[in-house]
Amino acid sequence: MTQAKAFSVDSATSPFKPTSIPRRSPTERDVQIEILYCGICHSDLHTARDEWHDVMPTVYPCVPGHEIIGRVTAVGSNVSTFKVGDTVGVGCMVDSDHDCPTCQAGLEQCCPNAVFTYNAPDAHGTAPVTYGGYSDSIVVDERFVLNIPANLDLAATAPLLCAGITTYSPLKRGDVGPGRKVGIVGLGGLGHMGVKIAKAMGAHVVVFTTSPSKKEDALRLGADEVVLSKNQDEMDAHAGTFNFILDCVSADHDINAYLSLLTNDGELSLVGAPEKPLQVSAFALLFGRKKLSGSLIGGIAETQEMLDFCGEHNITADVEVIPIQQLNEAYERLAKSDVKYRFSIDMNSLKAS
Ligand code: NAP
Ligand code: ZN
């Protein structure tokens with residue numbers, strides 16, 4: 001066991017502070033990683049503030065972070081796919097059953113025994129729960145470690161490990177491509193990746209935002225059109241025209257307004273995970289036989305496929321790189337939808353804490 005530097009919160013209302021956490025010594029299948037960058041996902045904020053208490057109560061102290069880029073510093077005796085010095089990624093999961101039917105189908109994220117990167121019971125018993133990437137190192141089973149395309153900027157690649165796969169997976173399943181009209185709701189970390197990926201897949205992409213100040217950015221990021229969702233006339237102009245809409249909103253909002261924008265048999269897929277249940281009008285689904293679905297990150301093979309796709313298309317996140325000492329300020333801004341468009345923590349700054 002070694003001690004790693006990290007930043008943690010002690011309660012739903014505490015600020016982040018420097019701390020020291022245990023990390024296990026690599027077992028034979030483990031990869032030990034020095035963390036270089038870690039993105040800040042809104043799920044980190046939901047968890048740190050215990051906003052998902054009814055579904056996944058937060059165990060404190062909590063060390064979030066599941067958009068991890070790092071360099072391999074040691075490997076276990078049976079590790080075959082990575083070597084010391086490799087640049088690697090770790091996303092939202094660090095383990096699962098491996099051989100249950102769900103894992104066999106490549107859906108480790110849906111495995112009943114999936115182990116999430118933070119706030120999940122730690123099967124190794126190193127600590128009560130797993131600790132995430134707001135830290136200088138992590139030890140992960142090699143089957144949950146990803147290869148990073150050599151051409152991508154590392155700080156800007158970290159967010160692909162959650163925001164990238166969470167948008168890629170439903171867009172791909174939704175048959176997004178040429179000739180399809182696709183909506184992306186909420187221009188935050190997930191939403192801006194959704195725009196870039198849907199555009200690279202060849203779709204006609206429309207962004208829905210509550211923030212007039214993000215209109216120009218949405219077009220720069222690749223959107224064909226931008227709709228201010230608070231403007232009813234702008235919304236009505238698109239009624240019944242979307243094949244697929246990806247909802248990336250982190251807070252309560254009216255999803256029936258988006259169901260009315262779908263074509264017959266069109267699909268609204270939720271990836272945003274607001275604290276409170278959303279209201280759905282049955283009639284908004286019945287008329288036009290519309291589909292409402294959800295999506296959870298993606299499996300490991302699909303995450304590698306997404307990274308390779310982003311490598312080929314030169315896609316990374318637009319990031320604001322921050323030292324870890326600015327974590328509390330970053331959370332305040334994230335809560336106000338004031339990020340362009342993902343914070344990425346430069347973990348070199350942790351050496352100073
Ligand atoms: P984010 O960067 O904060 O973006 C969320 C965006 O939602 C904001 O930028 C804002 O966009 C919009 N929004 C915020 N409050 C709103 C409100 N009251 N009404 C309407 N729109 C509002 O968050 P993120 O990191 O992209 O994460 C988004 C959500 O996805 C979170 O709930 C997160 O937990 C969840 N998530 C799910 C998965 C999964 O596997 N399903 C994975 C990762 C994250 P505009 O300013 O453009 O309106
Ligand atoms: Zn995330």
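This report looks at the ligand shell and the charged side chains of a predicted model.

**Around ligand 1**

Let's begin with the ligand. Ligand 1 is surrounded by 30 residues, and the closest are His42, Thr209, Thr210, Ser211 and Arg342. Sorted by character, the shell holds 13 nonpolar, 14 polar and three charged residues. On the polar side, an oxygen atom of ligand 1 sits 2.7 Å from a polar side-chain atom of histidine 42. Arginine 342 also offers a polar side-chain atom, at 2.6 Å from an oxygen atom of the ligand. With serine 295 it is the backbone that takes part: one of its polar backbone atoms is 2.8 Å from a nitrogen atom of ligand 1. Taken on its own, ligand 1 has 920 Å² of accessible area, and the protein covers 89% of that. Helix H1 (42–48) and helix H5 (189–200) are the elements that give two or more residues to this shell. H1 gives the most, with three residues.

**Salt bridges**

Now for the charged pairs. The structure holds 16 salt bridges, and three of them are set out here.

| Pair | N to O distance |
|---|---|
| Aspartate 10 and lysine 17 | 3.2 Å |
| Glutamate 67 and arginine 342 | 2.8 Å |
| Lysine 199 and aspartate 224 | 2.8 Å |

The pair of glutamate 67 and arginine 342 brings us back to the ligand, since arginine 342 is among the closest residues to ligand 1. Glutamate 67 lies in the loop between H1 and strand E4 (68–75), while arginine 342 belongs to strand E17 (residues 342–346); the two are 275 residues apart and link distant parts of the chain. Both glutamate 67 and arginine 342 are buried.

The bridge between lysine 199 and aspartate 224 also links distant parts of the chain, 25 residues apart: lysine 199 is in helix H5, and aspartate 224 is in the loop between helix H6 (215–221) and strand E12 (225–228). Lysine 199 is partly exposed, at 32% relative accessible area, and aspartate 224 is partly exposed at 32% too. In the remaining pair of the table, aspartate 10 is partly exposed at 39%, as is lysine 17 at 34%.

Beyond these pairs, a network of salt bridges links Lys196, Asp217, Arg220, Asp318 and Lys340.

**A buried glutamate without a salt bridge**

One more residue deserves a look. Glutamate 302, in helix H10 (residues 300–313), is buried but has no salt bridge. Arginine 173 is its nearest side chain of opposite charge, 4.9 Å away, so the pair falls outside the 4 Å cut-off. The side chain of glutamate 302 does make a polar contact with the side chain of serine 169, at 2.8 Å.

Definitions and conventions
Residues numbered from 1 in each chain as written. Chains lettered and ligands numbered in written order. Predicted model: local features only at pLDDT ≥ 70, side-chain atom pairs only at ≥ 80, totals over all residues. Heavy atoms only, no water. Near = heavy atom within 4 Å. Polar contact = N/O pair within 3.5 Å; in protein donor to acceptor, adjacent residues only side chain to side chain. Areas by Shrake-Rupley, 256 points an atom, 1.4 Å probe, with all protein chains shown as cover. Helix = DSSP H or I, 4+ residues; strand = E, 2+ residues; numbered from the N terminus. Nonpolar A, V, L, I, M, F, W, Y, C, P; charged D, E, K, R; others polar. Buried < 20%, exposed > 50% of the residue type's maximum accessible area, 1.4 Å probe, protein only. Lys, Arg positive; Asp, Glu negative; His and termini not counted.
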